[in-house]
Amino acid sequence: MRGMFTRIAGMYDRLNRVQSLGLDVIWRRRALARLARVAPSPPRRILDLATGTADFALAAARRFPDARVTGVDLTPAMLDVGRRKAAAAGLAARVALEEGDACALACADGSVDAVTCAFGFRNFPDRAAALREAARVLAPDGHLLVLELFRPRFRLLAAATAAWMACVARLFARGAREDYAYLRASVETTCSAAAFERLAVDAGFAAVQRIFYLPACSCLLFRRNMVK
């Protein structure tokens, strides 16, 4: 996984914009606005899992100007791109990007107010372990915000999404087609949003909201379940 994302780090942002027709930027902004509405107070400590080139971490820092954001990812090459973006945006002082494993976080129990993850959970080798770790590091009343391309409920929509991703990979991902073939397959074979929600509840979360952003993105918002 690290090797694949190392190879595509330089083209990752450009391909994301093309594949989503720029909608991924809007999806992140809308998701963070929902977090702001449901959180009892603006989160001051945010952890972004599978941060990649830090798009979600930077968006969170802009949405919550008093927050410190830590982005964690397995791939140093992706983090290097993210650090350059943070510096260019003037956010390097509030956005720290660190190498780490979402399934074994180097964070203390109850140490963050919000955990975010955009388009990363389907690539985790053990989603249940990553969810348990997110629950562990969240403070009481903390929230988990997930954006993901879960398997669509409708076959026609699933087929259209897969065909579009394949087309973009052929046209723009020269030299990395096999890597993008994996990413496309990960969308086709991942679980549904409803199945992921059940995993999250088992890991210690209470579901708050599930929203579908056309044409392919699900936004899931959870609260740490204090009963567990």
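**Exercise 1.** Find which backbone nitrogen lies 2.9 Å from a polar atom of the side chain of Asp73, and state whether Asp73 is buried or exposed.

*Solution.* The backbone nitrogen at 2.9 Å from a polar atom of the Asp73 side chain belongs to Thr75; a polar contact is a pair of N or O atoms within 3.5 Å, where within protein one must be able to donate a hydrogen and the other to accept it, and residues adjacent in sequence count only if both atoms are side-chain atoms. The side chain of Asp73 also reaches the backbone nitrogen of Thr51, at 3.4 Å. Asp73 counts as buried because its relative accessibility is 11%, buried meaning under 20% relative accessible area with a 1.4 Å probe and protein chains only.

The model is predicted, so local features need pLDDT of at least 70 and side-chain atom pairs pLDDT 80 or more, while totals for chains, interfaces and linings use all residues. Residues are numbered from 1 along each chain as its sequence is written, and side-chain values use heavy atoms, without hydrogens and water.

**Exercise 2.** Place Asp73 in its strand, and describe how strand 1 and strand 2 are joined.

*Solution.* Asp73 is in strand 2, residues 68-73, strands being DSSP runs of E with at least two residues, numbered from the N terminus. Strand 1 (residues 45-49) runs parallel to strand 2 and is joined to it by 5 bridges, where two strands pair if DSSP finds at least two bridges between them. Within this pairing, Asp48 stands opposite Gly71 of strand 2.

Methods:
Helix = DSSP H or I, 4+ residues; strand = E, 2+ residues; numbered from the N terminus. Buried < 20%, exposed > 50% of the residue type's maximum accessible area, 1.4 Å probe, protein only.
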